[in-house]
Amino acid sequence: RGNTDRILQAVYLYRENRIKKILISGGSGSLIFRDMREAVFLNDFLVNTLKIPQEDILTDTVSDNTYQNAVESARIIKEHFTNPKVMLITSAFHMRRSKMCFKKQGLNVIMYSTDLTTGPRRYQFEHLFMPSMQSLVQWNKFFHEIIGIVMYKIMGYA
């Protein structure tokens, strides 16, 4: 599932006419494979496989992190629209830092969280007291975001 929920939710919202355009933001994110740009692959998938018209898709292919995503996305949005309503579609864990970065770029976004990790409450001993690999992964994501928020504030990104 990973990061796919973001693009799937964007497609769903587009098909339901709740959004008019999709902006895909993402460069390579790799130090080694600089020419493999995530936004290019997703753009091709949306146009060629899902038959979404190219004119309804905007792409940022240069950003490698959240701050750069916000800077480039804001530039693209301001270049194409006046007084835009912007829906920020990203994972729930990542939403706070993303929103801070977009706000710093002068965009007031409507938040739409994906990759939700909650489930039904279970009051069973093993669920409440036994550690699981999934919980450890979630803690890792949590600490990554907390450190990211602190660093972005220090760097002036958010």
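This briefing covers the two largest pockets of the structure and the residues that line them. The model is predicted: local features need pLDDT of at least 70, side-chain atom pairs count only at pLDDT 80 or more, and totals for chains, interfaces and linings use all residues. Residues are numbered from 1 along each chain as its sequence is written, and side-chain values use heavy atoms, without hydrogens and water.

**Terms**
- A pocket is an open set of points on a 1 Å grid over the protein atoms alone, where a 1.4 Å probe fits, with protein on both sides within 12 Å along at least five of seven lines; lining residues have an atom within 4 Å of a point.
- Volume is the space filled by probe spheres set on the points, which are joined across faces, edges and corners.
- Helices (H or I, at least four residues) and strands (E, at least two) are DSSP runs, numbered from the N terminus.
- Ala, Val, Leu, Ile, Met, Phe, Trp, Tyr, Cys and Pro count as nonpolar, Asp, Glu, Lys and Arg as charged, and the others, Gly among them, as polar.

**Largest pocket**
- The largest pocket holds about 1300 Å³ of space.
- It is lined by 44 residues, with Leu-23, Ile-24, Ser-25, Leu-88 and Ile-89 closest to its centre.
- Two or more lining residues come from each of α1 (4-15), β1 (22-25), α2 (38-49), α3 (66-80), β3 (86-91), α4 (95-104) and α6 (133-155).
- β3 gives the largest share, five residues.
- The lining has 18 nonpolar, 18 polar and eight charged residues.

**Second largest pocket**
- The second largest pocket holds about 650 Å³.
- Its lining counts 19 residues; Thr-117, Gly-119, His-127, Gln-134 and Ser-135 are closest to the centre.
- α5 (125-129) and α6 each supply at least two lining residues, and α6 has the largest share, five.
- Eight lining residues are nonpolar, eight polar and three charged.
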